[in-house]
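This report covers the fold, the strand pairing and the surface of one protein chain. The sequence and the model are shown below.

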Amino acid sequence: VYLIRTKLLPTLIQTKMVNEGKSLSEALLSAKAEGRLTVGVYECAKIMNEDPDSVSFCLLATDDFECDIALQIHFTLIQAFCFDNDISIVRVNDLKRLNALVGTKGQLEDAHCVLITNPAEDSWEDPALEKLHLFCEESRSYNEWVPEITLPER
(Lines give C-alpha, C1' and ligand atoms only; values in the text may rest on other atoms or scores of the structure.)
Protein backbone atom coordinates (compact mmCIF):
# COMPACT_ATOMS: atom_id res chain seq x y z
CA VAL A 1 0.00 0.00 0.00
CA TYR A 2 2.86 2.39 0.84
CA LEU A 3 4.47 1.77 -2.56
CA ILE A 4 1.21 2.50 -4.36
CA ARG A 5 0.57 5.76 -2.49
CA THR A 6 4.14 7.10 -2.66
CA LYS A 7 5.45 5.90 -6.04
CA LEU A 8 2.75 4.70 -8.40
CA LEU A 9 -0.09 7.09 -7.62
CA PRO A 10 1.85 10.33 -8.28
CA THR A 11 3.17 8.91 -11.58
CA LEU A 12 -0.32 7.86 -12.63
CA ILE A 13 -1.74 11.30 -11.82
CA GLN A 14 1.09 13.05 -13.74
CA THR A 15 0.42 10.87 -16.81
CA LYS A 16 -3.28 11.70 -16.62
CA MET A 17 -2.47 15.41 -16.30
CA VAL A 18 -0.78 15.36 -19.73
CA ASN A 19 -3.85 13.72 -21.29
CA GLU A 20 -6.11 16.12 -19.43
CA GLY A 21 -4.09 19.07 -20.72
CA LYS A 22 -5.06 18.05 -24.24
CA SER A 23 -8.71 17.66 -23.18
CA LEU A 24 -8.61 21.09 -21.53
CA SER A 25 -7.25 22.68 -24.72
CA GLU A 26 -9.98 20.99 -26.78
CA ALA A 27 -12.71 22.05 -24.35
CA LEU A 28 -11.49 25.67 -24.31
CA LEU A 29 -11.28 25.90 -28.09
CA SER A 30 -14.72 24.31 -28.49
CA ALA A 31 -16.29 26.63 -25.89
CA LYS A 32 -14.60 29.65 -27.47
CA ALA A 33 -15.96 28.74 -30.91
CA GLU A 34 -19.46 28.33 -29.42
CA GLY A 35 -19.34 31.56 -27.37
CA ARG A 36 -19.40 29.70 -24.03
CA LEU A 37 -16.21 31.19 -22.53
CA THR A 38 -16.03 33.92 -19.91
CA VAL A 39 -12.56 35.35 -19.33
CA GLY A 40 -11.43 37.54 -16.42
CA VAL A 41 -11.83 37.42 -12.65
CA TYR A 42 -14.48 40.16 -12.49
CA GLU A 43 -16.45 38.85 -15.49
CA CYS A 44 -16.42 35.30 -14.08
CA ALA A 45 -17.56 36.47 -10.63
CA LYS A 46 -20.41 38.33 -12.29
CA ILE A 47 -21.58 35.20 -14.19
CA MET A 48 -21.28 33.06 -11.03
CA ASN A 49 -23.38 35.56 -9.10
CA GLU A 50 -26.06 35.98 -11.77
CA ASP A 51 -26.41 32.40 -13.02
CA PRO A 52 -24.29 29.81 -11.18
CA ASP A 53 -26.24 26.93 -12.77
CA SER A 54 -24.98 27.93 -16.21
CA VAL A 55 -21.33 27.35 -15.20
CA SER A 56 -19.92 23.97 -16.13
CA PHE A 57 -16.19 24.36 -15.50
CA CYS A 58 -13.80 26.82 -13.85
CA LEU A 59 -10.12 27.37 -14.56
CA LEU A 60 -7.75 29.40 -12.40
CA ALA A 61 -4.40 30.42 -13.86
CA THR A 62 -1.22 31.90 -12.45
CA ASP A 63 2.41 32.01 -13.35
CA ASP A 64 4.67 30.26 -10.86
CA PHE A 65 6.34 33.52 -9.87
CA GLU A 66 3.10 35.45 -9.43
CA CYS A 67 2.46 36.43 -5.83
CA ASP A 68 -0.47 38.86 -5.94
CA ILE A 69 -2.30 38.63 -2.59
CA ALA A 70 -5.51 40.20 -3.98
CA LEU A 71 -5.57 37.58 -6.75
CA GLN A 72 -5.04 34.80 -4.19
CA ILE A 73 -8.00 36.10 -2.17
CA HIS A 74 -10.16 36.13 -5.31
CA PHE A 75 -9.04 32.56 -6.06
CA THR A 76 -9.95 31.40 -2.56
CA LEU A 77 -13.44 32.88 -2.87
CA ILE A 78 -13.94 31.45 -6.38
CA GLN A 79 -12.80 28.00 -5.21
CA ALA A 80 -15.22 28.07 -2.29
CA PHE A 81 -18.05 29.11 -4.60
CA CYS A 82 -17.20 26.31 -7.04
CA PHE A 83 -17.13 23.72 -4.24
CA ASP A 84 -20.48 24.93 -2.89
CA ASN A 85 -22.08 24.80 -6.36
CA ASP A 86 -20.54 21.52 -7.60
CA ILE A 87 -18.54 23.24 -10.35
CA SER A 88 -15.41 21.39 -11.47
CA ILE A 89 -12.29 23.51 -11.01
CA VAL A 90 -8.63 23.17 -12.03
CA ARG A 91 -5.44 25.25 -11.97
CA VAL A 92 -3.08 26.01 -14.83
CA ASN A 93 0.34 27.51 -14.18
CA ASP A 94 1.04 28.90 -17.66
CA LEU A 95 -0.90 32.13 -18.09
CA LYS A 96 0.79 32.95 -21.41
CA ARG A 97 -0.22 29.65 -23.01
CA LEU A 98 -3.76 29.99 -21.66
CA ASN A 99 -3.97 33.53 -23.05
CA ALA A 100 -2.95 32.19 -26.44
CA LEU A 101 -5.90 29.76 -26.31
CA VAL A 102 -8.65 32.00 -24.98
CA GLY A 103 -7.56 35.48 -25.98
CA THR A 104 -8.30 37.49 -29.06
CA LYS A 105 -5.40 37.61 -31.50
CA GLY A 106 -3.05 40.45 -30.61
CA GLN A 107 -4.92 41.27 -27.39
CA LEU A 108 -3.80 40.16 -23.93
CA GLU A 109 -6.72 38.95 -21.81
CA ASP A 110 -7.03 38.79 -18.02
CA ALA A 111 -7.15 35.01 -18.13
CA HIS A 112 -6.57 34.45 -14.42
CA CYS A 113 -10.07 33.01 -14.28
CA VAL A 114 -11.90 31.33 -17.16
CA LEU A 115 -15.37 29.81 -17.07
CA ILE A 116 -16.93 27.39 -19.51
CA THR A 117 -20.70 27.60 -19.46
CA ASN A 118 -23.03 24.74 -20.23
CA PRO A 119 -23.82 24.00 -23.88
CA ALA A 120 -27.30 24.75 -25.20
CA GLU A 121 -29.86 22.11 -24.26
CA ASP A 122 -30.28 20.92 -27.84
CA SER A 123 -26.54 20.44 -28.50
CA TRP A 124 -24.25 17.48 -27.82
CA GLU A 125 -22.21 17.24 -24.65
CA ASP A 126 -18.56 18.11 -25.14
CA PRO A 127 -16.53 14.85 -24.73
CA ALA A 128 -13.39 16.77 -23.71
CA LEU A 129 -15.35 18.55 -20.98
CA GLU A 130 -16.75 15.22 -19.77
CA LYS A 131 -13.18 13.86 -19.47
CA LEU A 132 -12.24 16.90 -17.40
CA HIS A 133 -15.21 16.44 -15.07
CA LEU A 134 -14.18 12.81 -14.52
CA PHE A 135 -10.57 13.87 -13.91
CA CYS A 136 -11.70 16.40 -11.28
CA GLU A 137 -13.94 13.84 -9.61
CA GLU A 138 -11.12 11.31 -9.51
CA SER A 139 -8.67 13.91 -8.17
CA ARG A 140 -11.08 14.77 -5.35
CA SER A 141 -11.14 11.10 -4.37
CA TYR A 142 -7.38 11.46 -3.75
CA ASN A 143 -8.00 14.66 -1.72
CA GLU A 144 -6.63 16.87 -4.49
CA TRP A 145 -9.40 19.46 -4.52
CA VAL A 146 -8.02 21.78 -7.21
CA PRO A 147 -5.84 19.67 -9.48
CA GLU A 148 -3.26 21.32 -11.70
CA ILE A 149 -3.27 20.65 -15.42
CA THR A 150 -0.40 21.39 -17.79
CA LEU A 151 -1.51 22.73 -21.16
CA PRO A 152 0.28 21.08 -24.10
CA GLU A 153 2.75 22.97 -26.26
CA ARG A 154 1.22 24.43 -29.40
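## Order of elements

Read from the N terminus, the elements of the protein follow the order α-β-α-β-α-β-α-β-α. That amounts to five helices and four strands. The model is a predicted one.

## Contacts and burial

Of the contacts between residues at least 6 apart in sequence, 81% join residues at least 24 apart. The protein has 154 residues, and 43% of them are buried.

## Strand β2 and its partners

Strand β2 covers residues 55-61, and seven of its seven residues are buried, so the strand is largely enclosed by the rest of the structure. Buried here stands for a relative accessible area under 20%.

β2 pairs with two strands in opposite senses: with β3 (residues 88-92) the pairing is parallel, over five bridges, and with β4 (residues 113-117) it is antiparallel, also over five bridges. Cys 58 takes part on both sides. Its bridge partner in β3 is Ile 89, while in β4 Cys 58 stands opposite Leu 115.

## Surface

The protein exposes about 9,400 Å², of which carbon and sulfur atoms supply 55%. A nonpolar patch on the surface is formed by Ile 69, Ile 73 and Leu 77, which together have about 340 Å² of accessible area.

Ile 73 of this patch lies in helix α3, residues 69-84. Its relative accessible area is 49%, so Ile 73 counts as partly exposed; the class of exposed residues begins over 50%.

Terms used:
Residues are numbered from 1 along each chain as its sequence is written. This is a predicted model: local features need pLDDT of at least 70, side-chain atom pairs count only at pLDDT 80 or more; totals for chains, interfaces and linings use all residues. Side-chain values use heavy atoms; hydrogens and water are left out. Buried means under 20% relative accessible area, exposed over 50%, partly exposed in between (1.4 Å probe, protein chains only). Contact means heavy atoms within 4.5 Å. Accessible areas come from the Shrake-Rupley method with a 1.4 Å probe; for residues, only the protein chains shown count as cover. Patches are made of residues with over 30% relative accessible area and no salt bridge: like charges are joined within 9 Å, nonpolar side chains (Val, Leu, Ile, Met, Phe, Trp, Tyr) within 5 Å. A salt bridge is a side-chain nitrogen of Lys or Arg within 4 Å of a carboxyl oxygen of Asp or Glu. Two strands pair if DSSP finds at least two bridges between them.
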